[in-house]
Structures are given as structure tokens and as C-alpha cells.
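Visitor: I am new to this structure and would like to understand the reasoning behind the labels given to its rings. Could we go through them one at a time?

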Amino acid sequence: MPRIHPGAWMACALLAGVAAGAYAAPPVVRVSGGWIRWLPGNGPLAGYFEIENSGHAPLKLIGASGADFAGIQLHRSITTNGMEHMIHLRAVTIPAGAAVRFKPGGYHLMLWRQKALKIGQKVDIHLRFSDGRDVRASFRVKAPTG
């Protein structure tokens with residue numbers, strides 16, 4: 001029986017590992033708890049949710065859209081020297097194996113209305129990621145008091 005050089009075994013193992021990585025499943029994104037704080041008038045609304053990345057690489061949320069809105073932006077509320085203000089974000093990174101919560105006083109979606117929404121109504125919002133992925137999530141419109 002021929003003997004195989006130990007270096008050949010190592011090369012085969014290395015190539016198998018590289019090939020397995022090339023066919024690894026993409027990160028799994030799960031969006032839960034989506035809700036929109038309803039307010040009277042025609043001003044913008046805020047959307048909140050939790051997004052989980054169960055993959056092995058970070059994901060970048062780069063935008064959102066929805067048929068019920070004229071525009072949606074990623075925002076974050078921050079407090080500096082006792083003053084609270086919002087900043088517009090180009091992206092929010094969701095680390096590998098972690099979740100990011102969009103909540104009052106922190107990250108949120110700024111939603112410009114296109115049509116009237118009613119408390120209790122469900123609306124779909126598409127979340128866009130830098131890898132080209134588009135994830136549809138359902139959001140429930142809630143009263144201002146939650």
C-alpha cells in the first residue's frame with residue numbers, strides 16, 4: 001500500500017476547509033417586535049424593533065422602505081451635555097451572533113408618512129443590508145403611550 005506524505009494530508013485538509021467556507025450559509029437575520037409609535041398630525045413617526053444576526057460575520061443595515069411611507073431613515077437619539085438630539089445614520093452594524101435593539105431613546109426608524117395610519121394597523125417595512133439582502137418585517141401601529 002502506498003504511503004501518503006503527511007504534507008499532502010495537511011494540504012487536503014486545508015483545501016477542504018476553504019471549500020467549506022465558500023459554501024457556508026449566509027448569516028440569518030431575524031427581526032422581531034416591530035412597532036410604530038402613532039402620533040396625531042402629519043409629522044414623522046418612529047419605528048422600533050429588534051434585529052438579530054445569528055451568522056458569523058457582521059451585517060450592515062443601510063436603509064429601509066415601505067409602501068406606506070414617503071421616506072424612511074435610520075436615526076439615533078443621543079444626549080450630549082444634557083440636550084437630547086437625533087442624528088441621521090448611514091448604517092447600523094449588527095455584530096455577528098448578536099442583536100441590536102431599536103428602541104425609544106436610541107436607534108429608531110424615522111418614518112415620513114405617505115398616507116394615514118390607524119392604531120392597530122400592521123404595515124410592512126423592507127430593511128436593506130449592504131450585502132444586497134432585503135428583509136421584510138411587519139410593524140404594528142401603537143398608541144403614543146405604547
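**Rings and their labels**

Guide: In this predicted model, the charged end of arginine 76 sits over the ring of tyrosine 107, at 4.6 Å from the ring's centre.

Visitor: What makes the distance fit the description that the charge "sits over" the ring?

Guide: The distance part of the rule asks for CZ of Arg to be within 6 Å of the ring centre, and the value for arginine 76 and tyrosine 107 is 4.6 Å, so that part is met.

Visitor: How many aromatic pairs does a search of the whole structure find?

Guide: The search finds four aromatic pairs, and one of them joins tryptophan 35 and tyrosine 48, with 4.7 Å centre to centre and 40 degrees between the planes.

Visitor: Why is the pair of tryptophan 35 and tyrosine 48 called tilted?

Guide: Stacked planes are under 30 degrees apart and edge-to-face planes over 60; the 40 degrees of this pair fits neither, and therefore the pair is tilted.

Visitor: Why do tryptophan 35 and tyrosine 48 count as buried?

Guide: Buried means under 20% relative accessible area, and because tryptophan 35 has 17% and tyrosine 48 has 4%, both labels follow.

Visitor: What makes the pair of phenylalanine 49 and phenylalanine 139 edge-to-face?

Guide: The planes of phenylalanine 49 and phenylalanine 139 are 75 degrees apart, which is over 60, so the pair is edge-to-face. Phenylalanine 49 lies in strand β2 and phenylalanine 139 in strand β10, 90 residues apart, and both belong to one aromatic cluster with Phe102 and Tyr107.

How values were computed:
Residues numbered from 1 in each chain as written. Predicted model: local features only at pLDDT ≥ 70, side-chain atom pairs only at ≥ 80, totals over all residues. Heavy atoms only, no water. Phe/Tyr/Trp six-rings, centres within 6.5 Å; stacked < 30°, edge-to-face > 60°. Buried < 20%, exposed > 50% of the residue type's maximum accessible area, 1.4 Å probe, protein only. Helix = DSSP H or I, 4+ residues; strand = E, 2+ residues; numbered from the N terminus. Lys NZ or Arg CZ within 6 Å of the ring centre and 35° of its normal.
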